[in-house]
Amino acid sequence: MASDELKATVQKLSDRSRQAYANPYTSLDFPASVPVGQDWFTSPELISIAGTPDYESLEDVQKRTISFYDAINFFSLNIHGEKALLEGLARRLYDPNLKDLSPYLHHFLDEENKHMVYFGEFCTRYGGKVYRDRKVIFPRDYAAGEEDFLFFARVLIFEEIVDFFNRRMGSDERLNQVARQINQMHHDDESRHLVFGRKVVKELFEKFRTVWSPEILEGVRSAVSAHYSAVWREYYNPDAYGDAGLPDPYGIAERAFSGAEAPRALRQKASKASVDYLIGLGVLEKEPAL
Amino acid sequence: MSDVLLIRETLRSWITERSRKSLPSPLLDDTALIEQGILSSVQVMDVILLIERMRNRPVEVDELKPGSFRDINSIVRTFFQGEA
């Protein structure tokens, strides 16, 4: 049973979603082609390898080309993240333990599906593909409430990091128009999902933390912390660097994820809002290794 | 050193270096990596990148079978069959 506060949030967000109901097939005009190597598709300072020696030694046209393949990767990550989200949300629709959330889960599902329409259109129309997902999930047993909590905590982490990028790129006038609009539209919907995600994570954690053993709680903390690495690992995609024509794409990805200072600073900045929130709730006791 | 020995040695040292668990030394080729918590789901993503880099071909995650990462023997059998 959800608290009165959460029920009120569900009602308020459902009302707003009804007002913002959109048709993804008419909301965006996709030109036949986009000028790769000429326009920016990712804000220059948000490019995955920006600030690394691998990046700084490149010509301007190569930097703009990477900005395109990084955008394809970012949108592909969104598609894979939202596919997992749809599966998890659909499984929880009308779950007796979460039944008060169901009215909003309908909107959540609807909106996430629509996001995938425009992410998918951009990736396939201009990149000819959606980059593959390398995530592997091993099945395991869960304590009461643990699976639901981890599901919503992972959603929160993923969506808050994505929104960090959407907010900046949605208003970045340097960006190619269609790339900018996709970021802006995604941010507009996600702002509601973020409110929902925070409330649900807070409520589930407060409900179950007292019934979980110290070992379970430790495992939950460790899984939440590890999820940051999983999300960020895929931000550095050798397939994208290879498509951009860079030599040693695996080495570039490895150096950006494991060693270089500028990408680490970006990871910390983009993760800060969710890390602070989770530390404030007591879900995390310290900042995850980024 | 033959290709397959080199592959096994690379995997062994990579896993030993990255695992958060204290491992038996040397790590055996039939040590259960997932079951014993030596590799987490997140680290498997890194192993996939390592495998792709070593064999210069992508790994299609959708086509993986349960047990592909069970131990070093399974990894070699699954991803380096031509070399083994």
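**Figure 1. The largest nonpolar core of the predicted model has 92 residues.** Six residues have the most contacts inside this core: A:Phe122, A:Phe149, A:Phe152, A:Phe165, A:Phe196 and A:Val224. Helix α5 of chain A, residues 146-170, gives the most to the core, with 14 residues. The model is predicted, and side-chain atom pairs count only at pLDDT 80 or more.

**Figure 2. Close-up of A:Phe149 and the residues it touches.** Neighbours up to four places away in sequence are not counted here. A:Phe149 touches the aromatic residues A:Phe205 and A:Trp212. A:Phe149 also touches A:Leu204. Four valines complete the list: A:Val201, A:Val220, A:Val224 and A:Val283. A:Val224 is also one of the residues with the most contacts inside the largest core.

**Figure 3. A second, separate core has 24 residues.** Among them are B:Ile15, B:Ile48 and B:Phe69 from chain B. A:Val136 of chain A is also included.

**Figure 4. Chain B and chain A bury about 1600 Å² between them.** Carbon and sulfur atoms give 64% of that area. In chain B, the residues that lose the most area to chain A are B:Met45, B:Leu49 and B:Arg53. Together these three account for 37% of what that side buries. The contact takes 17 residues from chain A and 17 residues from chain B.

**Figure 5. Salt bridges and polar contacts cross the interface of chain B and chain A.** The rule finds 5 salt bridges across this interface. It also finds 6 residue pairs in polar contact, both residues at pLDDT 80 or more. In one salt bridge, the side chains of A:Arg132 and B:Glu52 meet at 2.7 Å, N to O. Helix α2 of chain B, residues 41-55, gives the most to the side of chain B that touches chain A, with 9 residues. That side of chain B divides into 10 nonpolar, 2 polar and 5 charged residues.

**Figure 6. A salt-bridge network joins residues of both chains.** The side chains of A:Arg255 and A:Asp248 meet in a salt bridge, 3.3 Å from N to O. A:Arg255 is partly exposed, with a relative accessible area of 39%. A:Asp248 is also partly exposed, at 39%. Shared partners join A:Asp54, A:Asp248, A:Arg255 and B:Arg53 into one network. B:Arg53 is also one of the chain B residues that lose the most area to chain A.

**Figure 7. A salt bridge within helix α6 of chain A pairs A:Lys202 with A:Glu206.** Their side chains meet at 3.6 Å, N to O. Both residues lie in helix α6, residues 177-208. They are 4 residues apart, about one turn of the helix. A:Lys202 is partly exposed, with a relative accessible area of 32%. A:Glu206 is partly exposed too, at 45%.

**Figure 8. A:Asp133 forms a salt bridge with A:Lys135.** The closest N and O atoms are 3.4 Å apart. A:Asp133 counts as partly exposed at 22% relative accessibility. A:Lys135 counts as partly exposed at 28%. Over all chains, the structure holds 37 salt bridges.

**Figure 9. Close-up of B:Arg8, a buried arginine in helix α1 of chain B.** The helix spans residues 3-18. B:Arg8 has a relative accessible area of 18%, so it counts as buried under the 20% cut-off. Leaving aside neighbours within four places in sequence, B:Arg8 is in contact with B:Asp29, B:Ile72, B:Asn73 and B:Val76.

Definitions and conventions
Residues are numbered from 1 along each chain as its sequence is written. Chains are lettered from A and ligands numbered from 1 in the order in which they are written. This is a predicted model: local features need pLDDT of at least 70, side-chain atom pairs count only at pLDDT 80 or more; totals for chains, interfaces and linings use all residues. Side-chain values use heavy atoms; hydrogens and water are left out. Contact means heavy atoms within 4.5 Å. Buried area is the accessible area (1.4 Å probe) that two parts lose on being put together, summed over both. A salt bridge is a side-chain nitrogen of Lys or Arg within 4 Å of a carboxyl oxygen of Asp or Glu. A polar contact is a pair of N or O atoms within 3.5 Å; within protein, one must be able to donate a hydrogen and the other to accept it, and residues adjacent in sequence count only if both atoms are side-chain atoms. Helices (H or I, at least four residues) and strands (E, at least two) are DSSP runs, numbered from the N terminus. Ala, Val, Leu, Ile, Met, Phe, Trp, Tyr, Cys and Pro count as nonpolar, Asp, Glu, Lys and Arg as charged, and the others, Gly among them, as polar. A nonpolar core is a set of buried Ala, Val, Leu, Ile, Met, Phe, Trp, Tyr and Cys residues joined through side-chain atoms within 4.5 Å. Buried means under 20% relative accessible area, exposed over 50%, partly exposed in between (1.4 Å probe, protein chains only).
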